[in-house]
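Good morning, and thank you for coming. Please take a moment with the sequence and the structure before I begin.

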Amino acid sequence: MDSVINDETLSTLEGAGSCYKCRYLLPRLVESAPVYFKQGFVTCSHCREQVDLWQAALDRANRLSVTGAGALVSLGAGQTTFVMPLETGKYYSVELTNYGVPAGARVLRRIYTGQGGDVTAMEWHTNAPPLRFPGTLLRLVGLPLGEGPLPRVGPVGINVVWIRGEDSDEWLYLVTSFEAAAARDYAPSLVFAQSAIEISMMPLIESRFRLHVPRKKVKRFTNYGRALNVVLPYLCGEAGLAQMPTSVHNALERLREKRNKIIHDGTKAAAITPADAMEGLCAAAFGFEYMRYVRARLSKP
């Protein structure tokens, strides 16, 4: 059963960093990135400051990188927080979609904190706990903290970080990258981040070439480095589309180099720091949004 919560305690946070001037939260990437690509900045709706969206998102991710999943909120993840009363020893099924988490979302982190000091929550699971959190249903049992009469009821804060599920091959790679980063497993995180960009870019580039060139020749010629550095900028220029911001392009180049070092030399040789991981994920998130921005125009013959 879902317990009744106070609506005032329910909040969902999604945003691509904060304004430098007033710290007001900027809209999430899927909404603000197209504006950033067109004009090179976004305007804070609170103080009207012109903000470099890339730097705002990366700064926030780096500041929160010690928290693991919390750093991912500026890169496309969401965070939902609410408080609900729990009775000790009682079982609760809490469906997160009832509290604003979208259906099909992947849960990256859960935190349970007793608000009154004497009751908290414990997750219930079978004798074979899943390694990846399944679905959006929390299975909780009220747990007493300290001495006192039983049963008793107390408010428990629930904080959940999640990422939307979308029906595309490239997005699923980005989701897997976020899951690995939330667990601070940065090597596979960067490998999957790079894969997400390649899968979002290469089929589009190859389909343009195949309009006039046989498939075999396209396959022999096309690689990711050429696509990112030459073909994509040329196609976007021909179509009158804004070029990928230099900061995003350069970060994608560093992500590719880091991924290659992981694959060919191993994780220790790559020496991945949290800052490396946050920049790589930020590059992948912005690169993914840029491909979404240009795909409609470039898909046309």
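I shall begin with the chain as a whole, then turn to its aromatic rings, and end with two individual residues.

Please keep in mind that what you see is a predicted model. The protein chain is made up of nine helices and nine strands. Its C-alpha trace spans about 75 × 50 × 35 Å along the principal axes. Of its 301 residues, 47% count as buried. The accessible surface of the chain amounts to about 14,600 Å², and carbon and sulfur atoms contribute 53% of that. As for contacts, consider those with a separation of 6 or more: residues 24 or more positions apart account for 73% of them. The chain carries 34 positive and 28 negative charges, and the mean positions of these two sets are 8 Å apart.

Let me now turn to the aromatic rings. How many aromatic pairs does the structure hold? There are eleven. A pair of aromatic rings is described by the distance of the centres and the angle of the planes. I shall present two pairs in those terms.

The first pair to discuss is Trp 54 with Phe 286. The ring centres of Trp 54 and Phe 286 are 5.3 Å apart and their planes stand at 75 degrees; because this angle is over 60, the pair is classed as edge-to-face. Trp 54 belongs to helix α2, residues 53–63, while Phe 286 belongs to helix α9, residues 274–298, so that the pair links distant parts of the chain, 232 residues apart. Are these two residues, Trp 54 and Phe 286, buried or exposed? Both are buried. Trp 54 and Phe 286 also take part in a cluster, in which ring pairs link them with Tyr 36, Phe 37, Tyr 290 and Tyr 293.

The other pair is Tyr 173 with Phe 192. Here the ring centres are 5.9 Å apart and the planes lie at 45 degrees, so the pair is tilted. Tyr 173 is in helix α3, residues 169–182, and Phe 192 is in helix α4, residues 186–209; the pair therefore ties together parts that are 19 residues apart in sequence. Tyr 173 has a relative accessibility of 32% and so counts as partly exposed. Phe 192, with a relative accessible area of 30%, is partly exposed.

A charged group also meets a ring in this model: Arg 226 lies over the face of Phe 221, at 4.9 Å from the ring centre.

I come to the two individual residues. Leu 108 is located in strand β6, residues 106–114. Its relative accessible area is 12%, and because this is under 20%, Leu 108 is buried. Which residues does Leu 108 touch, leaving aside those up to four places away in sequence? They are Ala 69, Leu 72, Ala 77, Val 161, Trp 162, Ile 163, Phe 178, Glu 179 and Ala 182. By way of reference, the C-alpha atoms of Leu 108 and Gln 55 are separated by 24 Å, with their positions 53 residues apart along the chain.

Cys 236 sits in helix α6, residues 224–238. Its relative accessibility is 0%, so Cys 236 counts as buried. Not counting residues up to four places away in sequence, Cys 236 touches Leu 241, Gln 243, Tyr 290, Val 294 and Leu 298. One of these, Tyr 290, is also a member of the ring cluster described earlier. From Cys 236 to Arg 208, 28 residues away in sequence, the C-alpha distance is 12 Å.

Key
Residues numbered from 1 in each chain as written. Predicted model: local features only at pLDDT ≥ 70, side-chain atom pairs only at ≥ 80, totals over all residues. Heavy atoms only, no water. Helix = DSSP H or I, 4+ residues; strand = E, 2+ residues; numbered from the N terminus. Buried < 20%, exposed > 50% of the residue type's maximum accessible area, 1.4 Å probe, protein only. Contact = heavy atoms within 4.5 Å. Areas by Shrake-Rupley, 256 points an atom, 1.4 Å probe, with all protein chains shown as cover. Lys, Arg positive; Asp, Glu negative; His and termini not counted. Charge placed at Lys NZ, Arg CZ, Asp CG, Glu CD. Phe/Tyr/Trp six-rings, centres within 6.5 Å; stacked < 30°, edge-to-face > 60°. Lys NZ or Arg CZ within 6 Å of the ring centre and 35° of its normal.
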